Amino acid sequence: MSGKSSRESRKAAIEAARKAEARRRRRTRLAIGGGAVVAAAAIAVGVTLGVSGGTASGGTSGTPAQKLASLSTLGTLQAAPAAGPLGPEAVPVPAGTALAGTTVAAGAQPVDGISCSAGEQTLFHIHAHLTIFVNGVARQVPAAIGIPGGVAQNTASGTFIGSGTCFYWLHTHAADGIVHIESPAVRTFTLGEFVDEWGQPLGPSVAGPAHGHVTVLYNGKVFEGNPRDVPLTAHAQIQLEVGTPLVAPESISWAGTGL
């Protein structure tokens with residue numbers, strides 16, 4: 001099958017899996033003025049440029065400025081493992097087991113001020129990618145984080161969570177590490193908020209059930225600061241590593257994902 005045909009097949013599988021939810025999203029989508037769209041894009045790009053340039057400028061959520069250091073400060077890194085098979089979002093799914101299962105706040109209550117809405121939001125809609133290693137071994141970010149009552153749908157490329165009781169503004173549809181940021185307000189969300197939704201701890205010496213020194217790679221550089229403060233910016237490549245050996249940064253290609 002040609003590369004073009006393969007991409008079209010994956011897109012068709014995703015669209016079929018999300019068909020029911022897409023209808024609900026169309027019913028709830030609000031008309032957004034051109035100025036609001038431009039403002040959302042400008043803020044998203046501005047935060048991304050600030051981080052990649054060496055500091056992360058705080059957004060409306062008050063994310064503190066952070067520094068990025070060269071990979072050379074970490075010494076020798078273990079080569080990243082071979083990519084796993086492509087999942088339903090056209091992104092490789094790690095071969096390892098999930099770092100932790102998913103939990104849901106009682107009654108789907110807000111978490112860190114993040115609500116669980118009846119449908120996915122459209123005003124501020126970006127995506128980031130999260131990779132996790134524990135002592136050099138890849139671990140999955142499970143599907144259905146932030147989707148209580150998630151309904152699994154089978155596609156030719158694996159399981160996809162297309163619907164649920166409600167959707168938190170930060171959520172995952174597949175076990176490929178793609179974090180969907182879909183909010184009714186333009187703001188900067190953080191890795192700590194996402195992991196809180198996951199129901200797991202995160203700090204300089206802990207990530208879920210894994211304990212040890214936590215190293216964060218952000219777009220190919222070393223994030224200096226509390227892992228909780230890592231901003232979830234558009235197409236960010238985030239790698240969370242607990243313990244040693246440290247693994248060289250992985251990255252995905254966003255081309256062809258439609259995200």
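Which strands do the buried residues of α4 pack against? They pack against β3, β7 (167–168), β8 (170–171), β9 (178–183), β10 (202–203) and β15 (237–242), where contact means heavy atoms within 4.5 Å.

## Ground rules

This is a predicted model, where local features need pLDDT of at least 70 and side-chain atom pairs count only at pLDDT 80 or more, while totals for chains, interfaces and linings use all residues. Residues are numbered from 1 along each chain as its sequence is written, and side-chain values use heavy atoms, with hydrogens and water left out.

## Helix α4 and its ends

Helix α4 covers residues 191–198, and 7 of its 8 residues are buried. Here, buried means under 20% relative accessible area, exposed means over 50%, and partly exposed is in between (1.4 Å probe, protein chains only). The buried set is Leu191, Gly192, Glu193, Phe194, Val195, Glu197 and Trp198. Helices (H or I, at least four residues) and strands (E, at least two) are DSSP runs, numbered from the N terminus.

Just ahead of the helix, Thr190 sits in the loop between β9 and α4. Thr190 counts as buried because its relative accessibility is 10%. Its C-alpha atom is 6.6 Å from that of Arg228, although the two residues are 38 apart along the chain. On the other side, α4 is followed by Gly199, with a positive phi near 85°.

## The second largest pocket

Strand β3 (residues 124–134) turns up again here: it gives the largest share of the lining of the second largest pocket, 4 residues. The lining has 18 residues in total, and Ala83, Gly84, Pro92, Pro94 and Glu250 lie nearest the centre. By type, that makes 11 nonpolar, 5 polar and 2 charged. Ala, Val, Leu, Ile, Met, Phe, Trp, Tyr, Cys and Pro count as nonpolar, Asp, Glu, Lys and Arg as charged, and the others, Gly among them, as polar.

The pocket's volume is about 240 Å³. A pocket is an open set of points on a 1 Å grid over the protein atoms alone, where a 1.4 Å probe fits, with protein on both sides within 12 Å along at least five of seven lines; lining residues have an atom within 4 Å of a point.

## Backbone oddities

Asn135, in the loop between β3 and β4 (137–139), has a positive phi near 50° without being a glycine. It counts as partly exposed because its relative accessibility is 47%. His235, in the loop between β14 (221–224) and β15, has a positive phi near 60°, and it isn't glycine either. At 34% relative accessibility, His235 counts as partly exposed.

In the segment after β15 you'll find Pro245. A cis peptide bond joins Thr244 to Pro245, with omega about 0°.

Terms used. Grid points are joined across faces, edges and corners, and a volume is the space filled by probe spheres set on the points.
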